[in-house]
Amino acid sequence: MPDFKEQIARSEGYFGEYGGAYVPEAIRANTDALAVAFETLKEDPGFWAELQQAYREVSGRPTAFTPLRRLSTQLGGAQLYAKNEGLNHTGAHKINHVLGQVLVARHMGRRRIIAETGAGQHGLATATLCARYGLECVIYMGYKDYLRQRPNVFWMEMLGATVIPVKEGQQTLNDAVVAAMKDLLTHPLDTHYLIGTVVGPHPYPKMNTYFQKIIGEEVRTQSLATIGQLPDYVLACVGGGSNAMGAFYDFLDEPAVKLVGVEAGGHGTAPGEHAARFTSLQKGIFEGYFSYFLQDDDGNIAPTASISAGLDYCGVSPVLAWLHDQGRVQFAAATDAQVLDAYRTVLRTEGLVPAMESMHAFAHALALAPTLSPDTHVVINMSGRGEKDLFIAMEHLQPAQMTEFMQLKLTSLTTHA
Ligand SMILES: *Cc1c(COP(=O)(O)O)cnc(C)c1O
């Protein structure tokens, strides 16, 4: 009998050799207190009832389970279904672990929340819930991200958050993580560092897995009701791994359900051209945990590339690293070109606009479905909705119209000035 769920439940921070809490002593005091609080709340049915209520009232769960009949017919193979996490408040699955952590912080009496964000989606979800729950919110962003994600900065500020541009280093996501860690050093007790995926020091990988597992639990119920059986495959894109762990967790001990994580294949296989960590399998310690990280020959963190900001990350969840080594989760990669092709099929065939990240899982499904028989059922976890990707999608799919639009905007700005 497989017992992956039991092993995760018992984990004190390690999943095989992966995980841990490789942080300075002063931060360790903060994360240890969090681990103790989480383990206590995890055994408290009252806490889960509170979280279930918040999922319903704040985020609109359960999210839809949508048969993709036209797409399945067109591809001529497996039956496809989308689990539409894009219907959540703030547009993606991220709110699941933001809600969970905000409730834990409240139980701990921590009224100050900090977070880092790259593309801005995690910061936006965090700022939104801090406003709702009356918590102080500080968001760190690399200065380059702060400039290019100005619309998200605007909304975070309107929601009452303080957004701090980080001008050290490369001025991107990893520098924002360093700044958040430094903040925690000076606020060891009253502050909760709200990490946006299943990475980081213990207890974040385990805790966020628990806050995301609602996705797979709903898929189980909806799949039994809609098709009368469990799915044969569950596909999910993998940045840090939170939507994937959320979709996979409930099926870990069901060997008949194949679990496939889809990474960003980027625009090439050379170092720096992709973010497919499971192709090179280089182990290391970074940002407080041991896992697979893309690295150069000297063991320095390597640059990554992807058309999708949410998958453009050097590391991956220690839980997924372990499940990979155990042979329980398979990994594939979808390239930028495959993702752009998927836009041309998925939108007009199903009337769905998946997030660029989620489109990686769709791209893999488009390749996989024709190889399978019509009695095979494949669930694609649509981690988010795609309206946020307007500019990057239009730049690639309608480049001439995009240029024309930008010129028009610029002209109207200069004539009004
Ligand atoms: C942030 C994000 C991801 C990547 O994060 P995971 O932790 O790997 O899920 C994927 N999809 C969407 C829509 C996102 O916003």
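1. Start with helix α15, residues 336-350. Its 15 residues, at 1.5 Å a residue, should span 21 Å; the end C-alpha atoms are 21 Å apart, so the two agree. Keep in mind that this is a predicted model.

2. The helix still has a bend. At A342, α15 turns by about 25°. A342 is also one of the buried residues of this helix.

3. Which residues of α15 are buried? They are D336, V339, L340, A342, Y343, T345, V346, T349 and E350. These buried residues pack against several elements. Two strands of that group are β10 (258-266) and β13 (329-335), and β3 (65-67) is another. The helices in contact are α4 (69-75), α16 (356-368) and α17 (390-397).

4. Look at what comes after the helix. G351 follows α15, and its phi is positive, near 65°.

5. Now move to strand β5, residues 112-116. This strand is mostly covered, with 5 of its 5 residues buried. R112, I114 and E116 point one way, while I113 and A115 point the other way. Both sets are buried.

6. What are the partners of β5? Strand β6 (residues 136-142) runs parallel to β5 and is joined to it by 5 bridges. In that pairing, I114 stands opposite V138. Strand β8 (residues 191-193) also pairs with β5 in the parallel sense, over 3 bridges. There, I114 has Y193 as its bridge partner. Check I114 in the viewer: it has a partner in β6 and another in β8.

7. Follow the chain out of β5. It passes through helix α6 (residues 121-133) and arrives at β6. This β-α-β crossover is right-handed.

8. Next, the sheet as a whole. It is open, has 4 strands in the order β7-β6-β5-β8, and its pairing is parallel. β7 (162-166) and β8 are at the edges, each with a single partner strand, so one side of each has no neighbour in the sheet. From one strand to the next, the twist averages 20°. Strands of a sheet pair through backbone hydrogen bonds, parallel or antiparallel.

9. The β6 and β7 pairing deserves a line. These strands run parallel and are joined by 5 bridges. G142 has V166 in β7 as its bridge partner.

10. Finally, return to α6. This helix packs on the sheet, where it touches β5 and β6. What angle does its direction make with that of β6? The angle is about 170°.

Key. Residues numbered from 1 in each chain as written. Predicted model: local features only at pLDDT ≥ 70, side-chain atom pairs only at ≥ 80, totals over all residues. Heavy atoms only, no water. Expected span 1.5 Å × (residues − 1). Bend = angle between axes of the 7 residues up to and from the residue. Buried < 20%, exposed > 50% of the residue type's maximum accessible area, 1.4 Å probe, protein only. Contact = heavy atoms within 4.5 Å. Pairing = 2+ DSSP bridges. Right-handed = clockwise from strand over helix to strand, strands pointing away. Axes fitted to C-alpha atoms, helices over the stretch in contact; angles between N-to-C directions.
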